[in-house]
Amino acid sequence: MSTTNADTETETLTDGFHLIIDALKLNDINTIYGVPGIPITDFGRYAQAAGMRVLSFRHEQHAGYAAAIAGYLTQKPGICLTVSAPGFLNGLTALAHATTNCFPMILISGSSEREIVDLQQGDYEEMDQLAIAKGLCKDAYRILHAEDIGIGIARAIRAAVSGRPGGVYLDLPAKLFGQVMNAHAGANSLVKVIDPAPRQLPAPEAVTRALNELKNAKRPLIILGKGAAYAQADADIRAFVEKSGIPYLPMSMAKGLLPDTHPLSAGAARSLALKESDVVVMIGARLNWLLSHGKGKSWGTTPKRFIHIDIEPREMDSNVEIVAPLVGDIGSCVSALLSGLGDNWSAPPADWTSALREKVETNVARMAPKLRNNNVPMDYHGALGALRTIIKERPDAILVNEGANTLDFARSIIDMYQPRKRLDVGTWGVMGIGMGTAIAAAVETGKPVLAIEGDSAFGFSGMEIETICRYNLPVCVVVFNNNGIYRGTDVNPSGGPDAATTVFVKDARYDRMMEAFGGVGVYATTPDDLTRAVNEAMDSGRPTLINAVIDEKAGTESGRIGNLNPQSVVSKK
Ligand code: ADP
Ligand code: TZD
Ligand code: MG
C-alpha cells in the first residue's frame, strides 16, 4: 500500500493484517485452520492471497483439533483462527485438548473493542476472551499495537513449542488489523524465532543414576508415550530399545514408533509386563489414569523402580516416587542412555524376555481366528481384522481412531508399523477429534488417511465431511455403525416413548451423507465389502465414507474402561 503525505513524499505503508501474515510466514507457518467472520474474514482472504493455505471448517472445534494434531505432526504450532466470543469458545475445547496432550498450537481469535468490553457496554460478541483462555492453555497474550505484532507472534510460537509443548491463546482486537504503520519499520519489527525448542541436555549424574538402575534390573520394561513420538528421535529410540534388549510397551499414539510386530514389543502381553517388571523406563509418557497412576492392581505386587524421561521437571514424582528422574528432551536423554550402555552391556535375563515373548505369541495366536471371522452382521473383530490387513499392506497410511469399543478394539487389533501414524482421542479420550484430525493429517503429510469411527464419535464432527470433499482430501472414513453408544440395544427403562439414552436411529445411512457432498458412499455388511471399499478409496484418493454395519449387541459398556463408571447402590440399570 502506498500513500502521499503532506510533504508529497511517498511512504509505503503496511497494516495489522499484513504484519500478522508476514510474521507467521517468516516463522515457516503456512497453514491456518479456521472459520471466517467478523473481524477476521479479510484476514483469511489476505492470508490466502499471500500464498498461505487457509482451510475453512464448518465449526471451530474441528479446526482446533486440526491445528492441535498439525502441531503434533510437525513440531510447529498449528494455527486455529476464529471470530470473537462464540467462535473463540468453540475453539477453546481444542486449545485445552492440545495443552492436555502437550501438542503445540496457537488459537488466534479476533476480539471486540477493549474500551467497550472492559466497560461491559455490550459490544458485538463482547467477551473478555484473554481472561477466559488463561486457565486453559500454557500462555495467553493480547496484541494492541501493530508495532508489537512481531514480538507478540514470536512469544506465542516460543511458548507453544518450548519445554513441554502446549496450547497458546493470542487475542487480536478488531482495531489491530486495520492499524497502519510504515512498511519498512513494520518489516523490521518482525521476529524470526531462533531455536524455538532448544535441546535440553540431561545432567550427567542423572544419566549415570538411570544407567545404574537399569544395570541392576532383573525384569526391566520401557514404556513409550506420545511424547516420544512427538520428539522425532525415532532412530535413537529404536537403537536404545534394540541395544538394551529391554522389552517395551507403546502407549496408544506411540504405536509404530517401533513396528508393533517387533520381537521386543510386549504390547500383546501388557498385563504381564506391568505386573512383573521391576525397573520401568518411562519415555515421554505420564503416569496418569492411562497407566493407573503407576500403582494398584494392574501394576501387581512386584515393587517398581521408575526411571522417567521428560522435559517437564514437575512431571517427576507426580504419582509415585521416581528413583531416577531424567529431565531433558527425549532425543538428548535417549542418546545419552544409548552411549552409556557401552560395549559390555548385557541384555536382560532371558527368563524375563522369553516369558513375555511366549505370552505375546499365545495371545496373538488366540486372537487370530477371531480376526478372520466372517460373521454378518460384522463384529468388531471381523471388521477390524479386515482393516488390520489394509494397514499392514499400506503402512504409511495414517490411522485416525475414536469411539469406545471402536477405539479400544482397533488400538489392540491394528498393528502399526511407522511412527506418528496412529492419531486418536488422546489423554482425555475426547469424542469429536475425528474429522479435524483426519483433515490435518491429510493436509500436513499428503498421505492417505483411514479414519475408524464409532457412530457416536463420528457424529461429533460429521459435518466436516463437507470440508473433506471441498478440499478433495484423500480421507476414507469407516463408521462402525452399531446403532449407538457402546451398544445399540438399550431400551428406555421407564417404558416410555423416548429412545434410550445411548441409542440412535436404527440402520442410519451415514454413507449417504458423504454422497450429498459429492464423495463416495459405501454400505458394507461383510469384511470383504469393507476390504474392497477401503482399498478402492485408498487407491483413488477420493473422499469416501463406508457405513460398516456392526452387530448392535457386540460392544460392551464404555469399551474397556467400564470400571471407571460410578455405580449406584440404590438402583439397578
Ligand atoms: P501418553 O498418553 O502416550 O502416555 P503423555 O501425553 O501422557 O503420553 O506424555 C507425554 C509426555 O511427553 C509429557 O509429559 C511431555 O512433557 C513429554 N514430552 C513431550 N515432548 C517432549 C520432548 N521433546 N522431550 C521430552 N519430553 C517430552
Ligand atoms: N463427549 C466427549 C466430548 N467425549 C467423550 N468421551 C464422551 C462424550 C463420552 N463418550 C465416550 O467416552 S465414548 C462415547 C461417548 C459419547 C461414544 C461411544 O460410542 P461409539 O463407539 O459409537 O463412538 P462404540 O463402538 O459404539 O462403543
Ligand atoms: Mg457405536
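The paragraphs below go through a predicted model, from its domains to its sheets and its magnesium site.

The domain assignment divides the protein into domain 1 (2–189), domain 2 (204–358) and domain 3 (372–549). Between the C-alpha centres of domain 1 and domain 2 the distance is 39 Å. Their contact involves 13 residues from domain 1 and 11 residues from domain 2. The two domains bury about 1,000 Å² between them, and 50% of that area is on carbon and sulfur atoms. On the domain 1 side, Tyr-72, Gln-75 and Arg-164 lose the most area to domain 2, and together they make up 60% of what that side buries.

One open sheet consists of six strands in the order S4-S3-S5-S6-S8-S7, with parallel pairing. Its edges are strand S4 (53–56) and strand S7 (139–142), each of which pairs on one side only. Neighbouring strands here are turned by 20° against each other on average, direction ignored. Strand S3 (residues 31–34) runs parallel to S4 and is joined to it by four bridges. Within this pair, Thr-31 stands opposite Arg-53 in S4. Two helices can be placed against these strands. Helix H18 (residues 434–445) packs on the sheet and touches S3 and S4, its direction making about 165° with that of S3. Helix H3 (residues 60–74) lies across S3, strand S5 (78–82) and strand S6 (105–111), and runs at about 165° to S5.

Leu-92 gives a view of the packing around another helix, H4 (residues 85–101), in which it is placed. Is Leu-92 buried or exposed? Its relative accessibility is 7%, so Leu-92 counts as buried. Beyond its neighbours within four places in sequence, Leu-92 is in contact with Leu-107, Ile-132, Ala-133 and Leu-136. Of these contacts, Ile-132 is 40 residues from Leu-92 along the chain, and the C-alpha atoms of the two are separated by 9.3 Å. His-184, in helix H9 (residues 183–189), offers a contrasting case. His-184 is exposed because its relative accessible area is 59%, above the 50% limit used for that term. The C-alpha atoms of His-184 and Phe-517 are separated by 46 Å, with their positions 333 residues apart along the chain.

The next stop is strand S12. Five of the five residues of strand S12 (residues 279–283) are buried, so the strand is largely enclosed by the rest of the structure. Side chains in a regular strand alternate between the two faces of the sheet. In S12, Val-279, Val-281 and Ile-283 point one way, Val-280 and Met-282 point the other way, and all are buried. S12 has parallel partners that can be followed residue by residue. Strand S10 (residues 220–224) pairs with S12 over five bridges in the parallel sense, and Ile-223 stands opposite Met-282 in S12. Five bridges also join S12 to strand S13 (residues 305–310), again running parallel. There Val-281 stands opposite Ile-307 in S13.

A further open sheet has six strands in the order S16-S15-S17-S18-S20-S19, and its pairing is parallel. Strand S16 (422–424) and strand S19 (520–524) are the edge strands, each pairing on one side only. The average turn between neighbouring strands of this sheet is 20°, direction ignored. Strand S15 (residues 398–402) and strand S17 (residues 449–454) pair in the parallel sense over five bridges. Glu-402 has Glu-453 in S17 as its bridge partner. Helix H17 (residues 405–413) lies across S15, S16, S17 and S18, running at about 140° to S15.

Which protein atoms are the donors of the magnesium ion (ligand 3)? They are Asp-455 (OD), Asn-482 (OD1) and Gly-484 (O), at 2.0 to 2.1 Å from the ion. In sequence, the donor residues are spaced D-x26-N-x1-G. Asp-455 and Gly-484 link distant parts of the chain, being 29 residues apart: Asp-455 is in helix H19 (residues 455–461), and Gly-484 is in the loop between strand S18 (475–481) and helix H21 (510–516). Asp-455 counts as buried because its relative accessibility is 2%. Gly-484 also counts as buried, at 4% relative accessibility.

Definitions and conventions
Residues are numbered from 1 along each chain as its sequence is written. Chains are lettered from A and ligands numbered from 1 in the order in which they are written. This is a predicted model: local features need pLDDT of at least 70, side-chain atom pairs count only at pLDDT 80 or more; totals for chains, interfaces and linings use all residues. Side-chain values use heavy atoms; hydrogens and water are left out. Donors are N, O and S atoms within 2.8 Å of the metal (3.2 Å for Na, K and Ca); water is not among the atoms, so sites may look incomplete. Buried means under 20% relative accessible area, exposed over 50%, partly exposed in between (1.4 Å probe, protein chains only). Two strands pair if DSSP finds at least two bridges between them. Axes are lines fitted to C-alpha atoms, for helices over the stretch in contact, and angles run from 0 to 180 degrees between N-to-C directions. Contact means heavy atoms within 4.5 Å. Domain bounds come from an automatic or database domain assignment. Buried area is the accessible area (1.4 Å probe) that two parts lose on being put together, summed over both.
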